[in-house]
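Here's a quick look at a single chain, going from its overall build down to a couple of spots along it. Have the model open while you read.

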Amino acid sequence: MFRPKVPAMPQPTGPVAPPAVVEPTTVTPGTPAVPPAPVALVPPCPAVRVTPGTALALVGGGTAVVLVVGAVLVSMLLAVTLTATSVAVCAVVIRSALIRR
């Protein structure tokens, strides 16, 4: 009753087909590619001119991006620090509660 019963290996029923024979295929060489026709060269774009106003705008935008990214990173670091501190305090409280019993 408590001994496991191992199932018997099922035997195939009906006709069993022999494995299919794979015949090798021949490789036919392709036709050589025709070189592309020469393309007319496009003249390069003119250089971008930076005026003092655009330079000031670029510096201001870069400074704003650095300040925003810095604030986000500092807030994430503060969140991790607060979480770690609260977990440590909880661990100390639980440990002291278990020792007093």
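## Burial and surface

Of the chain's 101 residues, 0% count as buried (under 20% relative accessible area; exposed is over 50%, partly exposed in between, with a 1.4 Å probe and protein chains only). The accessible surface adds up to about 10500 Å² (Shrake-Rupley, 1.4 Å probe), and 75% of that belongs to carbon and sulfur atoms.

This is a predicted model, where local features need pLDDT of at least 70, side-chain atom pairs count only at pLDDT 80 or more, and totals for chains, interfaces and linings use all residues. Residues are numbered from 1 along each chain as its sequence is written, and side-chain values use heavy atoms, leaving out hydrogens and water.

## Overall build

The radius of gyration, taken over C-alpha atoms, is 38 Å. A compact globule of 101 residues would sit near 13 Å (2.2 Å times the number of residues to the power 0.38). Along its principal axes, the C-alpha trace spans about 90 × 85 × 15 Å.

As for secondary structure, the chain has one helix and zero strands (DSSP runs: H or I of at least four residues for helices, E of at least two for strands).

## Along the helix

Helix α1 covers residues 52-100, and Val69 is in it. Val69 counts as partly exposed because its relative accessibility is 46%. Gly60 is also part of helix α1, and its 39% relative accessible area makes Gly60 partly exposed too. Look from Gly60 to Ala37: they're 23 residues apart along the chain, with 48 Å between their C-alpha atoms.
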